[in-house]
Amino acid sequence: MTIEAWRITGQSQIDSYVGRWAELAVLLVNELAVTQARGRPADPPADRRAALEAAFAQQGWTPGRALTGADADRLADVAAELHPAFSGDVAALNAALVRHAAVPNLHGDPPALAFHGPGADLVDAWAADAGTALAMVIGVGQGRRLRTCEAGGCELVFFDVTRNASRRFCGLPCQNRAKASAYRARRRT
């Protein structure tokens, strides 16, 4: 008898393709759609294209071509469309999938799986692929892995890849702030 990998307790059902596009959704939302980060107001970047290129370089993401200012502006709209998915709003995610014509297909030589049409522009292609990745994460019962930071004053989102999906904060600064706040609250009582 063989044991299928997805039946092993704690085994994530997310493959690297889906994980890659889910991480792009996280990057877009955190760079372009968040108003508070790590307890401080986060203003939208003045130069979206430069902010995205810096974030791509930091994360090791290589776009197929250079982004234009218009692409960056449209990606800000995509980020706003994808942001509700991290709070479980599947209706907004479904609307984004329809708007960007997400449909599975093979194209290229050798054929590669994509969730956008062969003629889609960069923004629609990324929106369709990232939206589909989020939908696949939710659809396989792993929606709890798409999270918003639980620290007060932080709206950053993340894709929880821990074994038991128990991550609560976007990073150590927010975790430390939350622990210090809880400690101070206990000391007052």
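Is Ala72 counted as buried or exposed at 0% relative accessibility? Ala72 counts as buried, where buried means under 20% relative accessible area, exposed means over 50% and partly exposed lies in between, computed with a 1.4 Å probe and the protein chains only. The model shown here is a predicted one, in which local features need pLDDT of at least 70 and side-chain atom pairs count only at pLDDT 80 or more, while totals for chains, interfaces and linings use all residues. Residues are numbered from 1 along each chain as its sequence is written, and side-chain values use heavy atoms, with hydrogens and water left out.

**View 1. Two buried alanines in helices, Ala72 and Ala130.** Ala72 belongs to helix H3, and Ala130 belongs to helix H5; helices (H or I, at least four residues) and strands (E, at least two) are DSSP runs, numbered from the N terminus. Ala130, like Ala72, is assigned to the buried class, because its relative accessibility is 0%. From the C-alpha atom of Ala72 to that of His116 the separation is 19 Å, and these two residues are 44 residues apart along the chain. Ala130 and Glu23 are 107 residues apart in sequence, yet their C-alpha atoms are 8.2 Å apart in space.

**View 2. The largest pocket, with a volume of about 580 Å³.** Rolling a probe the size of a water molecule over the atoms shows where empty space is left. On a 1 Å grid over the protein atoms alone, a cavity is a set of points where a 1.4 Å probe fits but cannot get out, whereas a pocket is an open set with protein on both sides within 12 Å along at least five of seven lines, and lining residues have an atom within 4 Å of a point. Grid points are joined across faces, edges and corners, and a volume is the space filled by probe spheres set on the points. The lining of the largest pocket is made of 28 residues, and those nearest its centre are Val26, Leu27, Asn30, Glu31 and Gln59. Helix H1 (16-32), helix H2 (48-59) and strand E6 (157-159) are the elements that each give two or more residues to this lining, and H1 gives the most, with eight residues. Sorted by class, the lining holds 17 nonpolar, five polar and six charged residues, where Ala, Val, Leu, Ile, Met, Phe, Trp, Tyr, Cys and Pro count as nonpolar, Asp, Glu, Lys and Arg as charged, and the others, Gly among them, as polar.

**View 3. A cluster of aromatic rings that includes Trp126.** Rings of Phe, Tyr and Trp (its six-membered ring) pair if their centres lie within 6.5 Å, and planes under 30 degrees apart count as stacked, over 60 as edge-to-face and the rest as tilted. By this rule there are five aromatic pairs. In one of them, Phe56 and Trp126 meet edge-to-face, with 5.5 Å from centre to centre and 85° between the planes. This pair links distant parts of the chain, since Phe56 is in helix H2 and Trp126 in helix H5 (residues 122-142), 70 residues apart. Another edge-to-face pair is formed by Trp61 and Trp126, at 6.1 Å centre to centre and 90° between the planes. Here too distant parts of the chain are linked, with Trp61 in the loop between H2 and helix H3 (69-82) and Trp126 in helix H5, 65 residues apart. Phe56 and Trp126 are buried, and Trp61 is buried as well. Ring pairs join Tyr17, Trp21, Phe56, Trp61, Phe115 and Trp126 into a cluster.

**View 4. Arg20 over the ring of Trp21 and the face of Trp61.** A charge sits over a ring if NZ of Lys or CZ of Arg is within 6 Å of the ring centre and within 35 degrees of the ring normal. The charged end of Arg20 is 5.2 Å from the ring centre of Trp21, and Arg20 lies 4.3 Å from the ring centre of Trp61.

**View 5. The cysteines Cys170 and Cys174, which are not joined by a disulfide.** A disulfide is a pair of cysteine sulfur atoms within 2.5 Å, and by this rule the count is zero. The sulfur of Cys170 has that of Cys174 as its closest cysteine sulfur, but the 3.6 Å between them is too far for a bond. Cys170 is buried, with a relative accessible area of 13%, and Cys174 is buried with 0%.
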